[in-house]
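Please open the model in a viewer that can select residues by chain and number. The tour below proceeds stop by stop, stating what to select and what is found there.

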Amino acid sequence: MLEVKNLNKSYVNGAGRYPVLKDVSLKINKGEFVAVMGPSGSGKTTLLNCISCFIPHDSGSVRLGDLELSNLNEQKLAKVRNQKLGFVFQDFMLLDGLSVRENICLPQIIAGKPVAQMEAKSEKFCQMFGIDKIMDKYPAEISGGEKQRTAVARALMNNPYVILADEPTGNLDSKSAKAVIDAFLQAKRQVEATIFMVTHDSYAASFCDRVIVLKDGKIYREVVRRGARGEFMNELLDILRSLGGDGDDLA
Amino acid sequence: MTLHKVYKKLRKSSRGQYLLLGFCIGLSVLLLTSFTLMYYGPTVQDFLPEGGDTRKMAMLLMGVTVVGCFIFTVYASGLFFRHKSREYGVMMALGLKKKELGKLLFQELSMVTAVSCLAGLVCAIPVSWVIWKIFELFIISNDQMIYRFGLAGFLPGILFSMLLALALGAAGRRFIRRSDIMEILRTQQKSEMVREIPGWTLPLGVILTVSGVLLGSGLPQFIARVLYISLPGIFNLVYLVSVSGIYLILLSIVSMNRARRNRKKYYKNLVSISLMRFNARAVTRNMCVSVLLLFVCCFAAFYGMQYSLAPDILDSQEGRGFSMHYPLEEKQIGKEEIGRTAQKYGLDVEDYSEHDGTNLVISRQVLDFNEDGTRYLKLYKEKEKTALFVSETDYGVLSGQKVSVEPGTYQTVTTTDYREFFEYVDGLSEVMNPDTKESWQLTFGGVLECDVLAAMSDPFAYVLSDEDYRKMTEGIGSEYMEHLVFFNVADINNSYDFAMDLLSQYVDRATNLSNHMGYWDIWEEKMAVQDGELYGYGEAIDMSMDNNMLLGDWKYAPAFNIITVQDRMQLISVYVMLSLYICLISLAAIGVMAYVRSVSVASDNRGLFESLKKLGADNRYQRKILKKQLAKIFQYPAAIGCGLGFLFSFAMDLFNDGRISGTERQALLILLGIILMVCVILYGVYRYSMRKAEQIAGI
């Protein structure tokens, strides 16, 4: 589904060049829920931004299905973002002037899909994520958890190959964070969504099928969940402790 | 739901942003067009002399105002784009193409710009009329000053609208072409760091600012008077020294806060200073424009004020209210016609006197430019032109002043309080009878002040002893002689109709003998003809009452003070109105800019106030931080701009003739009053902006 090969990315600051991603390779299969973890500065968000082509990478390849994203022009990339990728941002990025329903419909509106279809689909997702009662409310009138579930519903509207989520629980309390993770799990179960999530939150990551741990721009460990969630979380915490991350990274 | 409906809804939700942008576009077009409608209207154009200083000054100040209006509108568009960035970032992340968004943005910008410009252009007519009417209440007291707008005035407004549309289009294009989504998504959090500002920035800024003004206004005069060198026009670029000084002052105010000096103060202002530091460049630029606009505002007000405070010649105790001089052979109106006409208007003629004067050829010392105009030269001009001479007895009768002139000397007749640079009152050294060609050496014997007689001759009129006058004019032809008539009427303030009637009779009787331009000189023309050269002032003029410029460009124009006063009143009204209008435009531009900046400070830092709240800051503390920010936006530009306006006005007056006259002192005092008024208005805008900003920041 999503395949990253030998991805390199560095930032240039004045005369200095600072490598952030060094030969990163990974593969995510259809229906998988994968998290990327690691200490601050390990390159998690940069990896996500390179995959979504928000920022260009120096070398390597990013394949989505049969499509190589590295060489696409702006127009084709826009189409990929609309049809094949879904995004969930840490600060929700909902449009304040649109209601919950309208925000969810937005990807299909951009794609020019029929109205009846988009309305039915948005309603289905709202019910699925428990936000059907607030469909006509505006972002300013709903809670953080509801906003993020709205964002998850929006990300799913065009049946993307992968949902890319950047710290989706970062701005939420634990109850709201659990609701958002539940939304991802439901999406995975009911519509076979593939989710690639960058997170600091080991609790959120413990719900994933697999966790990739980055350190200094390289893949440090890859842990697959085999048993109970609690055990998996303990395993993740041990790995993070071995990295010497600060308290925040071990949340 | 379609994309079109989404756009519509988004527009509706950010109506405030569209309104603010539209308001700024409309306001700048409105201000400029209402001014140009009035300026290019026949009423104003008929009164302003071609190529005169006021036209140049009006154009210069208008140019600065155009720049000010342009900057604040483009600035408002920046705020608009910043607001839009989030929407567009999300749309792009969800797969909408840049091209689509670009199309949408241009459609929206075109719509807002077109509607606002059109509204500005249309509203300019009533606004210009209303402002004229308001001015009419205070300064225009003449029936001839009817508001007439010139269609040509729309042209600058339309050009300005097009320029704005282009600039906004370019800004929109830049916004859309931004490199990637990440930048757009993070625009609202973007900040610019400034480098550490060294401690000498502020003192250097002050030195540069003051030096620029003093050098620009004082040095050319000093060099001309002491070294006789004329500095080229490019020297005016020295004012840029002041502009860079202003930038340094503001930069240091915005960015500098050193802990070393006063740690308590440092920590007290830490949040507020850090807020500005991260937007230092934008804030400084914004303040710079405000300072320059305030400078324009003060200087324009001062310039207009100078005109309105010119001494009232009707109150003058010296001379007569009516005077005429015409070629001796001209059969002009005399005492009888004047008396008869006065009777018709119920007026009594007083102090009537008439005598002859003679134009003799003079040799004198003058100050002039060299050929390339770079140096002043003291030149002796031998037998170059004629000047009007009268005898001491005739002068006594004509002017009412008893004088005694020693034989072999002359006394120079000047206007009251004469202080000119190029002409020496004691420059005359020899006179020649143009017919007999006999010459006499003369020495300077003093100065006499008589406005009416001085106005009849260039560079001056001269008084000789009776004996010298008789001797030197003996055998001279009548073509060199003039008849001079001076008189008064009992009620001069009600003599306008009488004066116009008399003027009409005078014009009717004038023949080709009198048909000469203001600068015409009989001797210069003769010499030019003799040398086979073309004489530049030899052309005839339109000697009719329909010619508006007749009194200004006629060698033998009669001087009837009541007409001069009325004409001058109209001229003053026009000057004052132009100046005050520019003052108003600048003030409006500053108000809008400061308001927009205040709103953006509040909206950009909403997160910061939220954080402060979480850290336990109460509303009072947050309000204090916000107040400090906004106060800086208003206080510093007001202090620097007004201070600079005052300093420049003072320096210009001082260096012009090396003194501050009574009128200038009065104008400077009034300028202080205007500065106070500007500060009160800005305080009002500040209070309003503060309320709005508190609302936005959620305090």
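**First stop: a hairpin in chain A**

Select strand 4 and strand 5 of chain A, which run antiparallel and are joined by 2 bridges. Helices (H or I, at least four residues) and strands (E, at least two) are DSSP runs, numbered from the N terminus, and two strands pair if DSSP finds at least two bridges between them. Within this pair, A:Leu64 stands opposite A:Leu67 of strand 5. The hairpin has 2 residues between its strands, and A:Gly65 takes a positive phi near 60 degrees there.

Some conventions apply throughout. This is a predicted model, in which local features need pLDDT of at least 70 and side-chain atom pairs count only at pLDDT 80 or more, whereas totals for chains, interfaces and linings use all residues. Residues are numbered from 1 along each chain as its sequence is written, chains are lettered from A and ligands numbered from 1 in the order in which they are written, and side-chain values use heavy atoms, with hydrogens and water left out.

**Second stop: the sheet around the hairpin**

Extend the selection to the open sheet of 4 strands in chain A, whose order is 2-1-4-5 and whose pairing is antiparallel. Strand 2 (16–28) and strand 5 (67–68) stand at the edges with a single partner strand each, so one side of each has no neighbour in the sheet. Next, display strand 1 together with strand 4 (residues 59–64) of chain A; 5 bridges join these antiparallel strands. A:Leu2 has A:Leu64 as its bridge partner in strand 4, and A:Glu3 stands opposite A:Arg63 in strand 4.

Now add helix 1 (residues 44–51) of chain A, which packs on the sheet and touches strand 1, strand 2 and strand 4; its direction makes about 115 degrees with that of strand 1. Contact here means heavy atoms within 4.5 Å. Axes are lines fitted to C-alpha atoms, for helices over the stretch in contact, and angles run from 0 to 180 degrees between N-to-C directions.

Which backbone feature should be inspected at A:Asn6? A:Asn6 has a positive phi of about 45 degrees although it is not a glycine. This residue is found in strand 1 (residues 2–13) of chain A. A:Asn6 is partly exposed, at a relative accessible area of 40%; buried means under 20%, exposed over 50%, and partly exposed in between (1.4 Å probe, protein chains only).

**Third stop: the mixed sheet of chain A**

Move to the open sheet of 6 strands in chain A, ordered 6-7-8-3-9-10 with mixed pairing. Strand 6 (85–88) and strand 10 (218–224) stand at its edges, each with a single partner strand, so one side of each is left without a neighbour in the sheet. From one strand to the next, the twist averages 20 degrees. Select strand 7 (residues 162–166) and strand 8 (residues 195–198) of chain A: these run parallel and are joined by 4 bridges. A:Ala165 has A:Met197 of strand 8 as its bridge partner. Helix 5 (residues 144–156) of chain A lies across strand 6 and strand 7, running at about 170 degrees to strand 6.

Before leaving chain A, show it whole: there are 8 helices and 10 strands. Of its 251 residues, 56% count as buried.

**Fourth stop: a helix pair in chain B**

Select helix 9 (residues 239–255) and helix 21 (residues 619–657) of chain B, which pack at an angle of about 155 degrees with their axes 11 Å apart. The two helices are therefore roughly antiparallel, a term for angles over 145 degrees. Show side chains for the contact: helix 9 contributes B:Tyr239, B:Ile246, B:Ile249, B:Leu250 and B:Ile253, and helix 21 contributes B:Lys632, B:Tyr636, B:Ile640, B:Leu644 and B:Phe648.

**Final stop: single residues in chain B**

Select B:Lys383 in strand 3 (residues 376–391) of chain B. B:Lys383 has a positive phi of about 45 degrees although it is not a glycine, and is partly exposed, with a relative accessible area of 28%.

Go next to B:Arg470 in helix 16 (residues 466–473) of chain B. B:Arg470 counts as exposed, at 51% relative accessibility. The C-alpha atoms of B:Arg470 and B:Ser391 are separated by 8.0 Å, although these residues are 79 apart along the chain.

Finally, centre on B:Pro459, in the loop between helix 15 (451–454) and strand 8 (461–464) of chain B. The peptide bond from B:Asp458 to B:Pro459 is cis, with omega near 0 degrees.

Notes. Angles under 35 degrees count as roughly parallel, over 145 as roughly antiparallel, 65 to 115 as roughly perpendicular and the rest as oblique.
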